[in-house]
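Subject: Structure for your files, with notes on helix packing

Hello,

Here is the structure I said I would pass on. My notes on it follow below.

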Amino acid sequence: MWELVKAGGWLMAPIVLCSILALGIMIERFLRLKREAIAPAGLVNSLLPRLQSGQMTLSQLNTLKQSSPLGHVLATGIENAASGLDFMTLQMQSQASAQIHRMEKNLNLLGTIGSISPLLGLLGTVLGIIEAFMAVNAGGMTDPSLLA
């Protein structure tokens, strides 16, 4: 494998670097964006009895905020419930938008790497063809169309 990388020339270094970076981002996103970490299975069911009985303490609310992104959005709704439905909905939407932005971290970078890497490979191919034509020309063959 290393021989193929060395044979590819100097442009293989950025391609390999992009591949390693993309793999790192994919692994990190896979680990962080598991369904159980975003929206735990029994979160809403465990929350309903406490809300209906009115026994939600400030420490429980803070624990809910720190438990998961869904918990953070729900805690925001609970905190703003007394301000009216429209305001509470607006605050929850705002918090959900912030949580989505946080979960989409590094996805733009992954898209950029996915766009750049094939272009680097194409550049390497073009440079290799140019080198081949120059080697043929330096060897005494004056008509490069014979090589083509």
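Is the crossing of α6 and α7 left-handed or right-handed? It is right-handed. Please keep in mind throughout that this is a predicted model.

Helix α6 and its partners

I start with α6, since several of the notes concern it. Helix α6 covers residues 69-79 and helix α7 covers residues 85-103. Their axes lie 8 Å apart, and the packing angle is about 160°. Angles over 145 degrees count as roughly antiparallel, so α6 is roughly antiparallel to α7. On the α6 side, the residues that meet α7 are Pro-69, His-72, Val-73, Leu-74, Thr-76 and Gly-77. On the α7 side they are Met-88, Gln-91, Met-92, Gln-95, Ala-96, Gln-99, Arg-102 and Met-103. Sorted by class, the contact of α6 with α7 has 7 nonpolar, 6 polar and 1 charged residues.

Helix α4, residues 43-53, also packs on α6. The two axes come within 12 Å and cross at roughly 20°. Angles under 35 degrees count as roughly parallel, so α4 is roughly parallel to α6. The crossing of α4 past α6 is right-handed. From α4, the contact involves Leu-43, Val-44, Leu-47 and Leu-51; from α6, it involves Leu-70, Gly-71, Leu-74 and Ile-78. By class, the contact of α4 with α6 has 7 nonpolar, 1 polar and no charged residues.

The third pairing is α5 with α6, where the axes are 6 Å apart and the angle is about 145°. Here Leu-61, Leu-64, Lys-65 and Ser-67 of α5 meet Gly-71, His-72, Leu-74, Ala-75, Ile-78 and Glu-79 of α6. The class count for the contact of α5 with α6 is 5 nonpolar, 3 polar and 2 charged residues.

Leu-74 is listed in the contact with α7, in the contact with α4 and in the contact with α5.

How many of the residues of α6 are buried? The count is 8 of 11, and the helix is mostly covered. The buried residues are Pro-69, Gly-71, His-72, Val-73, Leu-74, Ala-75, Thr-76 and Gly-77. The elements that cover them include α3 (35-38), α4, α5 (58-67) and α7.

Nonpolar cores

Which residues make up the largest nonpolar core? They are Leu-11, Ile-15, Cys-18, Ala-22, Ile-25, Ile-113 and Leu-120, 7 residues in all. Two or more residues of this core come from each of α2 (12-32) and α8 (107-138). Helix α2 gives the largest share, 4 residues. One core member, Ile-113, is in contact with Cys-18, Leu-21, Ala-22, Ile-25 and Pro-118, leaving aside neighbours within four places in sequence. There is also a second, separate core of 6 residues, with Leu-61, Leu-64, Leu-74 and Ala-75 among them.

Single residues in α2

Arg-29 lies in helix α2. Is Arg-29 buried or exposed? Its relative accessibility is 8%, so Arg-29 counts as buried. Not counting residues up to four places away in sequence, Arg-29 touches Arg-102, Met-103, Glu-104, Lys-105 and Leu-107. Of these, Arg-102 and Met-103 are also listed in the contact of α6 with α7.

Gly-24 is in helix α2 as well. With a relative accessible area of 37%, Gly-24 is partly exposed. Its C-alpha is 9.8 Å from that of Leu-110, although the two residues are 86 apart in sequence.

Leu-23 is another residue of helix α2, and Leu-23 is partly exposed at a relative accessible area of 48%. Leu-23 and Thr-76 are 53 residues apart in sequence, and their C-alpha atoms are 35 Å apart.

A backbone point to check

Where is Asn-106? Asn-106 sits in the loop between α7 and α8. Most residues other than glycine have a negative phi. For Asn-106, phi is positive, near 70°. Asn-106 counts as partly exposed, at 31% relative accessibility.

Regards

Methods
Residues are numbered from 1 along each chain as its sequence is written. This is a predicted model: local features need pLDDT of at least 70, side-chain atom pairs count only at pLDDT 80 or more; totals for chains, interfaces and linings use all residues. Side-chain values use heavy atoms; hydrogens and water are left out. Axes are lines fitted to C-alpha atoms, for helices over the stretch in contact, and angles run from 0 to 180 degrees between N-to-C directions. Angles under 35 degrees count as roughly parallel, over 145 as roughly antiparallel, 65 to 115 as roughly perpendicular and the rest as oblique. A crossing is left-handed if the near helix is turned anticlockwise from the far one by less than a right angle, and right-handed if clockwise. Contact means heavy atoms within 4.5 Å. Ala, Val, Leu, Ile, Met, Phe, Trp, Tyr, Cys and Pro count as nonpolar, Asp, Glu, Lys and Arg as charged, and the others, Gly among them, as polar. A nonpolar core is a set of buried Ala, Val, Leu, Ile, Met, Phe, Trp, Tyr and Cys residues joined through side-chain atoms within 4.5 Å. Buried means under 20% relative accessible area, exposed over 50%, partly exposed in between (1.4 Å probe, protein chains only).
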